[in-house]
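Student: Could you take me closely through one part of this model, the sheet that runs across two chains, and set out what surrounds it?

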Amino acid sequence: MSKPTLELLTLARRIGEPSAVFIGDPGSAAQTLKEYGAEKIYTVDDTDIKDYLVAPKAEVLAQLVEKTSPAAVLIPSGGEGKEIAGRLAVKTGSGLITDASDVQPGDTANGGAPVTTQSVFAGNYTVQAKVTKGTPIITVKPNSTTPEKLADGGGAGATEEFTATISEGAKTARITASEPRKASGRPELTEAAIVVAGGRGTGGNFDAVEGFADAVGGAVGASRAAVDSGWIPHAFQVGQTGKTVSPQLYVANGISGAIQHRAGMQTSKTIVAVNKDEEAPIFELVDFGVVGDLQTVLPAATEQIAKRRG
Amino acid sequence: MNIVACVKYVPDASADRQFEDDYTVDRVGVDGLLSELDEYAVEQALQAKEKLGDDTTITVLSVGPENATDAIRKALQMGADKGVHVVDDAIAGSDAVGTSLVLAEAVKKIGAGDGWDLVICGMASTDGSMGVVPAMLAERLEVPAVTLGSEIDVNGDSVTIRRDGDVATETIEASLPLVLSVTDQSGEARYPSFKGIMAAKKKPVETWSLSDLGVDAEMVGLSAAWTVVESTEARPPRTQGQVVIDEDGSGATALVEFLASKKFI
């Protein structure tokens, strides 16, 4: 079970009793969902769902919302999650809040809606909002909270098979090929507590960045410049048109700090930068910075960290 | 083929973006422009037309305040054929749900004569950054949504994309009519040429209000929104901490000491 899913369960418990929805056969995942608080687990046969983009999943959720009248629907933020949420909002006549970094109960005890926190305008503003019509639909960013495993064995975790009717209209955007992303062996970028990123200043050689990431147990990220130069796949891009991250520690190496990049990492708790250019805008954001060449600073730092461990 | 490229006029992201007293986005006090991510949508419309031939008409559509015409003009300069600007005071403060309603009705009206085949959007706006309007549009128009395409192939009767999904890279295909959204990886957006800038001056732009679309003012705008912002707070700007100059390895030592002091290692 991915960490964002477990975070959703922890957030849901603040509002009410969580029911998890699993498309396909959960297998042993059902046990994990239970341990993290799921009272119910709806399983849905994925025959008419898995080959199509988004629309059938939205239909499943709409039918579940109609049947169970939940206090809210929580969906992980991401390309697919937000599109499911968008369709679901129109289908159910409900308001929608995306990319929440926190969900609090608000006045849900009296039938009110949960209150969300969002970080907007490249992290320059924090917004509190809530849905005022229908069933609140909220997409939640990873790293919104620490998942809580329940001490007493968890929720009831009662599994119930839900039969959804998928319309012909939903079975129209076909997935004709799928190449799963290779596991990097490192933490997932959007979920990691530490992100070590490289930009134009790497000159295309990410060895020092990757070595340092491994030394601190972090995920690897990249600026748009590095991705556009073909040095690293787009999946690693941090920024407005890539991933938005908010880790405990963000280390920017050879990254100037253009607004497009800052939008993706500005809310990180601690920011560190290594850059040859002392005028680089990234230094305006940092808690600590080194003006120097990342290709010498990072390997030296990596070695010192290894010595401390040893 | 009739293509509609949706574009949004947004506050410049490099300027000081703010909120009005009613928590709507200030679209007046800050310079605006065609949202960068929507340039890619216009570019893909132009590439589709280059591939399919002159029988293709590209209408650029924008819902926004008076100055949104700047966004439409830029798209016309890039090479779109005509523009539609939906402007109405009642639309101000609409949420994504309301915006998608207005856009859907505008698309239907654009297609009223010969029909419409393809709506192309950017992957998200650069102000709201929700990324949900393309899916909502498809839902309202009752067509497939083929979204977040990084490689786009528009054919006479279908669209195929490559999409870098959350866990896998996928190939997606659907028949027209449909809603397509494209990412900034889909191909560099062209700069308007001098010829394009001059030609744009003669291209027609229609202006429509809510009543032209048959949309009830009560369905849109701030008071009709299905979400409410309760408060906004400016984050205090980050203050610069310690910056050291690396000399013979001093940088690495200082960095490691900092990380240790914060218990990251």
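Tutor: What follows goes through the sheet, then the core, and then the contact between the chains.

This is a predicted model, in which local features need pLDDT of at least 70 and side-chain atom pairs count only at pLDDT 80 or more, while totals for chains, interfaces and linings use all residues. Residues are numbered from 1 along each chain as its sequence is written, and chains are lettered from A and ligands numbered from 1 in the order in which they are written. The model scores ipTM 0.93 and pTM 0.92, and chain B averages a pLDDT (the predictor's confidence in each residue, from 0 to 100) of 95, with 100% of the residues scoring at least 70.

The sheet is open and mixed in its pairing, with 10 strands in the order S9(A)-S9(B)-S8(B)-S7(B)-S10(B)-S6(B)-S1(B)-S4(B)-S5(B)-S11(B). Helices (H or I, at least four residues) and strands (E, at least two) are DSSP runs numbered from the N terminus, and two strands pair if DSSP finds at least two bridges between them. Its edges are S9 (174-180) of chain A and S11 (205-208) of chain B, each of which pairs on one side only.

At the edge from chain A, S9(A) pairs with S9 (residues 168-175) of chain B in the antiparallel sense over 6 bridges, and A:Pro180 has B:Ala168 as its bridge partner there. Elsewhere in the sheet, S1 (residues 2-6) and S4 (residues 57-63) of chain B pair in the parallel sense over 5 bridges, with B:Ala5 standing opposite B:Val60.

B:Ala5 also belongs to the largest nonpolar core, which has 126 residues, and is listed with B:Ala75 and B:Val119 as having the most contacts inside it. Such a core is a set of buried Ala, Val, Leu, Ile, Met, Phe, Trp, Tyr and Cys residues joined through C-beta atoms within 7 Å, where buried means that 20 or more other C-beta atoms lie within 10 Å of a residue's own, the C-beta atoms being placed from the backbone. Leaving aside neighbours within four places in sequence, the residues in contact with B:Ala5 (C-beta atoms, placed from the backbone, within 7 Å) include B:Val60, B:Ala75 and B:Ile120.

Turning to the two chains, their contact takes 69 residues from chain A and 64 residues from chain B. Among the elements that give two or more residues to chain A's side are H4 (79-92), S9 and H8 (294-309), and the largest share of that side, 10 residues, comes from H4(A).

Conventions:
A residue is buried if 20 or more other C-beta atoms lie within 10 Å of its own, exposed if 12 or fewer, and partly exposed in between; C-beta atoms are placed from the backbone.
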